[in-house]
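This briefing covers helix packing and the nonpolar core of one protein model.

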Amino acid sequence: MISEYQAPEDGGMCTLPLDDIPGGAKAFELAARFCYDVKIELNALNVVCLRCAAEYLRMTDDYAEGNLITQAESFLADVLANWKDSIKALETCEGVLPTAEDLHIVSRCITALASKACASDAAACPSQAAAIAVKSASHERDALWNGIGSGGTPLGGGAGAAAASSGMDWWYEDVSFLSLPMFKRLIQAMEGKGMRAESIAGAIMFYAGRFLPGLKRNTSFSNASFSGDCGAGSRSITPRAASVSAPSEGDQRYFLEEIVALLPAKKGVASTRFLLGMLRTAMLLHASPLCRENLERRIGAQLEDASLDDLLVPNLGYTIETLYDIDCVQRILDYFMSSTDGLGTGYTSPAVAEEGSLGVPQAGSPSSLSPITMVAKLMDGYLAEVAPDTNLKLPKFQALAAVVPDYARPVDDGIYRAMDIYLKGSTTAGQAERDPDADEGKGSELPAEAITDVKARVSELEKECVSMKQEIRRLGRPRRSWSLLSRKCGFGTKVQQAQPAMSGK
């Protein structure tokens, strides 16, 4: 470059701009030290930048044996043999794109990571199956009629929770610090190498839990932690996440839509609670209709694993008629009914029921725990919760109650209770419309404690909606620009020195 330099007419010093050197001034300084035979320390955090800088400076063996490209490549091979170092190297690739892509460093890091995680996944397969079996047995013990469980554990932990309990989540946190493009490529590489869908889903759920503050109720971006509620183990965000600036609402919406598309299609690998949390967040962020439909279909396919509390999705639409989004639940329930095909789902046709094959099962018997029976119990509880809403019209209440066939209910106590609450609530509303000046509660058959409970739920829901909207607006004013497309998430680790020291040739 010096030999090709053309000085200006008025003379002057030879000035070469090197602003576009990969890795910037730090990488150039290391390369210069190498040239002058000064020892430099290579580690997982600087080897990628130095390798790219060496390529830019054409430091090949044509000029000197054992030049910087050769030595950086040799050290990089050692880095890719170690999981933690491979993660660090992949993180640093973000700062030297597209040179790292051209040199295939990104793909080599991803391949190394995918191979290591898949090998561990295959080795842990027997313990994973045992964990799922234990969870399934616990699920059956706790599933009682009318929504009361003996174990006190909400349904819907999903296979992701079982993966966590079997120790399969050891790599989830490490990959959660990657940018979305890098994370997607890693997940796709793992799928290509045959990793089980349960492990893939667990990693995605963990990743989503770190960057979507609205995913869990009463959780903000600054103090978020990812717990077993979303089915991927219990972990707190490490100090590395503190350096990440808050994403805007648009970034969050894009992030959520990409994560939903990335989830494996296999039923049950993502917990129903996680999916409902994603749906609630998708509504808040006004995600695309296709994204919301995708989530509703997934939830419908495994609705029997949902808990009543998670199903109470607040109405976040532009036109709010009822307190909860009943239309959304109606669609989810319709998806569930369309997915039942009589093969291992517990769905029994009316003809079979009339012949006496179904009978009247007792609580705790296998047939009473079939998916459609569990959904019938769930919907009876849901109807009882939404029944006191005076804005709930009778046709909508009837339509929701009629989706689940009568023969799916071993007993009718739940649906009768919901109808009774609805009728009493309507009589209260009718009395108020006829005589607005009447004393409060006069002529009403609705118990005072029921009215108090409804008021409390309304107040709680209003606070939750306001809190979530305020959080989203706050996140829309980031401390500095933040892009899920091109920047890494949470890179701020301390540089760790590696053992080799090297000198120039």
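The points below take two helix pairs in turn and then the core.

This is a predicted model, in which local features need pLDDT of at least 70, side-chain atom pairs count only at pLDDT 80 or more, and totals for chains, interfaces and linings use all residues. Residues are numbered from 1 along each chain as its sequence is written, and side-chain values use heavy atoms, with hydrogens and water left out.

**Helices α13 and α14**
- The axes (lines fitted to C-alpha atoms over the stretch in contact) of α13 (residues 272–284) and α14 (residues 289–301) come within 10 Å and cross at roughly 155°.
- That makes α13 roughly antiparallel (angle over 145 degrees) to α14.
- T272, L275, L276, M278, L279, A282 and M283 in α13 meet R292, L295, E296, R298 and I299 in α14, where contact means heavy atoms within 4.5 Å.
- By class, this contact has eight nonpolar, one polar and three charged residues.

**Helices α18 and α19**
- Helix α18 (residues 371–386) packs with helix α19 (residues 394–403) at an angle of about 165°, their axes 9 Å apart.
- The two helices α18 and α19 are therefore roughly antiparallel to each other.
- M379, Y382 and L383 of α18 make the contact with F397, L400 and A401 of α19.
- This contact has six nonpolar, no polar and no charged residues.

**Nonpolar core**
- The largest nonpolar core (buried Ala, Val, Leu, Ile, Met, Phe, Trp, Tyr and Cys residues joined through side-chain atoms within 4.5 Å; buried means under 20% relative accessible area, with a 1.4 Å probe and protein chains only) has 116 residues.
- W171, M190, M278, L303 and Y382 have the most contacts inside this core.
- Leaving aside neighbours within four places in sequence, W171 is in contact with W83, A117, M190, M195, S199 and A203.

Key: Axes are lines fitted to C-alpha atoms, for helices over the stretch in contact, and angles run from 0 to 180 degrees between N-to-C directions. Helices (H or I, at least four residues) and strands (E, at least two) are DSSP runs, numbered from the N terminus. Angles under 35 degrees count as roughly parallel, over 145 as roughly antiparallel, 65 to 115 as roughly perpendicular and the rest as oblique. Ala, Val, Leu, Ile, Met, Phe, Trp, Tyr, Cys and Pro count as nonpolar, Asp, Glu, Lys and Arg as charged, and the others, Gly among them, as polar. Buried means under 20% relative accessible area, exposed over 50%, partly exposed in between (1.4 Å probe, protein chains only).
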